[in-house]
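Me: I would like to go through this model strand by strand and then look at a few individual residues. Please keep the reasoning short and end on the value or name.

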Amino acid sequence: MNTIQIRADLHVHTTYSNDSLITPKDLIYYAKKNGLNAVAVTDHDYLDGAIKIAKETPDFLVIPGMEISSIDGHIVALNINEPIPRGLTAKETVERIHTAGGIAIACHPYVYFKGSLQNAVCKEFDAIEVINARAVPFKKSIKKAQEAAKKFCLSQVAGTDAHYGPQIGYGYTTIDAKEPTVEAVAQAILQGYCQPHGQQVPVILNIQQQTQRLQRMVNKTASKLKNQL
Ligand SMILES: [Zn+2]
Ligand SMILES: [Zn+2]
């Protein structure tokens, strides 16, 4: 079978998530700069932004998705045709993702601080995010996720969980797809034609992210105050 190799960061937040600094322009700029030929947009509990960016970027493969806050932890859905509500159980969320035509990824299932699924990972998922480039603890969470992938027969993927442009691509998945389309990428992941890669995001980039986020908040507050004067 002739396939094309897709190199995609499957977990990126844009400014459609309140906590991210990545504008749609930054998204494509850094994805290309860091050697990717595709990127998934997975904003927190919001799908429309991802679909809009994908439509407005015909010359780069943008995979629309969202990161859903289930009551059991965060779940990434890719290639869905409607948004999935937050606050359901992990099992219900996965079911809704499948009904919406998408694939369900157990993202950062064993990290501290991030709404990790822990024991809610189950065979109903399609894939597990083995490498999350911003995971703490990094190595231990990879090992646990690899064990779970084997136990539940899940495909293994990687992403950065980027919230700042230069972080994009530290975690990425190579996917052998029939063609460079969202549907073919989702199918290839489902069938296990994919491999996780990556390294931990350097601390300096996380510090820069926090500094710029603070700066943005200060600027917003300043302009609000100015408007009130
Ligand atoms: Zn998360
Ligand atoms: Zn995330």
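Me: In which sense do S3 and S4 pair?
Reply: In this predicted model, S3 and S4 form a hairpin with two residues between them. One bridge of the pair links Ser 69 to His 74 in S4. There are six bridges, and the sense is antiparallel.

Me: How many bridges join S2 to S3?
Reply: S2, H2 and S3 make a right-handed β-α-β unit. S2 and S3 run parallel, and Ala 40 has Ile 63 of S3 as its bridge partner. The number of bridges joining S2 to S3 is seven.

Me: Which residue of S5 is the bridge partner of Ala 77?
Reply: S4 pairs with S5 (residues 103–106) in the antiparallel sense, over four bridges. Within S5, the partner of Ala 77 is Ala 104.

Me: Which strands stand at the edges of the sheet?
Reply: The sheet is open and has nine strands, ordered S7-S6-S5-S4-S3-S2-S1-S8-S9, with mixed pairing. A strand at the edge has a single partner strand, so one of its sides is left without a neighbour in the sheet. From one strand to the next the twist averages 30°. The edge strands are S7 (155–159) and S9 (194–198).

Me: What angle does the direction of H2 make with that of S3?
Reply: H2 packs on the sheet and touches S2 and S3. H4 lies across S6 and S7 and runs at about 160° to S6. For H2 and S3 the angle is about 175°.

Me: Which strand gives the most residues to the largest nonpolar core?
Reply: The largest nonpolar core has 69 residues, and those with the most contacts inside it include Ala 8, Val 39 and Ile 128. The strand that gives the most to this core supplies five residues. Nine of the ten residues of S3 are buried. The strand asked for is S3 (residues 61–70).

Me: Which residue of the 60s does Ala 8 touch, leaving out those up to four places away in sequence?
Reply: Ala 8 is among the residues with the most contacts inside the largest nonpolar core. Its contacts include Leu 36, Ala 38, Val 39 and Ala 40, as well as Tyr 172, Thr 173 and Ile 175. The remaining contact is Ile 63.

Me: What arc do the buried residues of H1 cover around the axis?
Reply: The buried residues of H1 are Leu 27, Tyr 30 and Ala 31. The arc they cover puts them on the same side of H1, and they pack against S1, S2 (38–44) and H2 (48–56). On the other side of H1, Lys 25 and Lys 33 are exposed. The arc is only 105°.

Me: Is Thr 14 buried or exposed?
Reply: Thr 14 is in the loop between S1 (4–12) and H1 (24–33). Its contacts include Leu 27, Val 41, Asp 43 and Ile 53. A residue counts as buried if 20 or more other C-beta atoms lie within 10 Å of its own. Thr 14 has 25 within that distance, so Thr 14 is buried.

Me: How far apart in space are Thr 14 and Val 218, C-alpha to C-alpha?
Reply: In sequence, Thr 14 and Val 218 are 204 residues apart. In space, the C-alpha to C-alpha distance is 20 Å.

Me: Asp 45 has a positive phi; does it count as buried or partly exposed?
Reply: Most residues other than glycine have a negative phi. Asp 45, in the loop between S2 and H2, has a phi near 50°. It has 15 C-beta neighbours inside 10 Å, so Asp 45 counts as partly exposed.

Me: Where does Asn 79 lie?
Reply: Asn 79 has a positive phi of about 60° although it is not a glycine. Asn 79 counts as buried because it has 21 C-beta neighbours inside 10 Å. Its place is the loop between S4 (73–78) and H3 (90–99).

Me: Which residue does a cis peptide bond join to Val 136?
Reply: Most peptide bonds are trans. Here omega is about -5°. The residue joined to Val 136 is found in the loop between S6 (127–132) and H4 (138–152), and is Pro 137.

Notes:
Residues are numbered from 1 along each chain as its sequence is written. Chains are lettered from A and ligands numbered from 1 in the order in which they are written. This is a predicted model: local features need pLDDT of at least 70, side-chain atom pairs count only at pLDDT 80 or more; totals for chains, interfaces and linings use all residues. A residue is buried if 20 or more other C-beta atoms lie within 10 Å of its own, exposed if 12 or fewer, and partly exposed in between; C-beta atoms are placed from the backbone. Two residues are in contact if their C-beta atoms, placed from the backbone, lie within 7 Å. A nonpolar core is a set of buried Ala, Val, Leu, Ile, Met, Phe, Trp, Tyr and Cys residues joined through C-beta atoms within 7 Å. The arc is that of the directions from the helix axis to the C-beta atoms. Two strands pair if DSSP finds at least two bridges between them. A crossover is right-handed if, with the strands pointing away from the viewer, the path from the first strand over the helix to the second runs clockwise. Axes are lines fitted to C-alpha atoms, for helices over the stretch in contact, and angles run from 0 to 180 degrees between N-to-C directions.
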